[in-house]
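Hi everyone, thanks for coming. Today I'd like to walk you through a structure that is probably new to most of you, so let's have a look at it together.

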Amino acid sequence: MTDTIANRAAKATPQKVARKIKGLSDRAIAWIFVAPTIFLLLAINIFPLIWTIQLSFTNYKANRLNREPEFIGLRNYERILTDSDIWLNMQATAHFLFWTIALQVLIGFTLAWLINKKFKGNDLWTTIIVLPMMLSPAVVGNFWKFLYQPQIGLFNYIVAFFTGKDPSSFEMLGSVQLAPWSIVIVDTWMWTPFVMLICLAGLRSIPDYIYEAAEVDRASKLRQFFTITIPMVLPFLMLAVLFRGIENFKMFDLVVQLTGGGPGSTTELTSINLKREAFEKWRTGYASAYAIILFVTVFGLASIYVKALNKVKER
Amino acid sequence: MRTFLTGLMRLRRGPWEMLATIIIALGVFMLMQPFVLWAFTYSFITTLVGTVMFIIVSHFPEDE
């Protein structure tokens, strides 16, 4: 008999175990191995999801366990989708999403394009640039809070240096106009390296012979950029946009650390509002419907993301 | 455009997935736009239709 992996595994199986599984089909053994994972998946993901869907049709309150939840049909969904305050939260989320993605793509692509050029210290710069991405959002939120301090914060002093304004004359986290931008700046600082890495992968996947052929045809650098670089990096950029879009739609920790949703509710993103409804106001049924709305949105975006990912894989 | 319509008529995966993607994107836009409240109200059902459609049409046969 040849010394295959299966034979070696069979030899290494203790006699006691071998006797127990003797007579079981390959399919049954496969199920035995897979069953714990499936059970965990059902218990942790599927069961809570089904339960949340069920709760979203009731007026259940988790802090009143003695009260029997009443079935109220689609009333929770109706209330959420006609609530102008939630609409404003969605707009705050849209502002955050649009500007973070726009800035991250612009800066990330520029950095990737520069890093892709061969120069001395290339690897060192790549490491330095990707450092913010490796930090915990809670840590980033905390130290940016110090940077934004009007009296001692470095950010205010840098802005003051360039604009000539008094550093303590403006407050990034306390101003209704500036607070939405303060969270955009921090998220851009933290996640631009991620977009840069994806763009870098896209740029490095372009074969050199395409540029060489363009050189032979006397295409200018600008034309090469717009007709070769951009179209070939576009699927990767799409991937980065979708990934960041999904992540930022669910953004919670960074913003809670920075502003806590304030001042007022100017930076109260949907996830923060959802947490308030569920664990401060204890409107569990209502919060469940809210969570299902967000879940369907993220699921829809994730479907597009998977499609884009498959396209990139085909390349 | 003609290929797209033919694909839709022949129940091909590519064009139907494209249509579902457009509906999902429209739903997400309606959810977050700052212009009219009624668009926000109907955003969820639009996204839900797009998502369910995407799941179904991803089982359609590929283009030849």
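I'll start with the domains of chain A, move to its contact with chain B, and finish with a pair of helices. Please keep in mind that this is a predicted model.

So, the domains. Chain A is assigned two stretches: domain 1 covers 15-55, and domain 2 covers 78-314. Taken over C-alpha atoms, the centres of domain 1 and domain 2 of chain A are 38 Å apart.

Now to the contact between the chains. Chain A brings 18 residues to it and chain B brings 17 residues. Which elements of chain A give two or more residues to the side that touches chain B? They are helix 4 (75-81), helix 5 (84-115) and helix 14 (284-314). Helix 14 of chain A has the largest share of that side, with nine residues. As for the kinds of residue on the side of chain A that touches chain B, we have 10 nonpolar, seven polar and one charged.

Let's stay with helix 5 of chain A, and turn to how it packs with helix 11, residues 221-249 of chain A. Their axes come within 10 Å and cross at roughly 145 degrees, and the crossing of helix 5 and helix 11 of chain A is right-handed. If you'd like to find the contact on screen, look on helix 5 for residues including Phe96(A), Leu97(A) and Ile101(A). Across from them, helix 11 of chain A offers Leu237(A), Val241(A) and Arg244(A), among others. By class, this helix 5 and helix 11 contact in chain A has nine nonpolar, five polar and one charged residues.

Definitions and conventions:
Residues numbered from 1 in each chain as written. Chains lettered and ligands numbered in written order. Predicted model: local features only at pLDDT ≥ 70, side-chain atom pairs only at ≥ 80, totals over all residues. Domains from an automatic or database assignment. Contact = placed C-beta atoms within 7 Å. Helix = DSSP H or I, 4+ residues; strand = E, 2+ residues; numbered from the N terminus. Nonpolar A, V, L, I, M, F, W, Y, C, P; charged D, E, K, R; others polar. Axes fitted to C-alpha atoms, helices over the stretch in contact; angles between N-to-C directions. Left-handed = near helix turned anticlockwise from the far one by under 90°.
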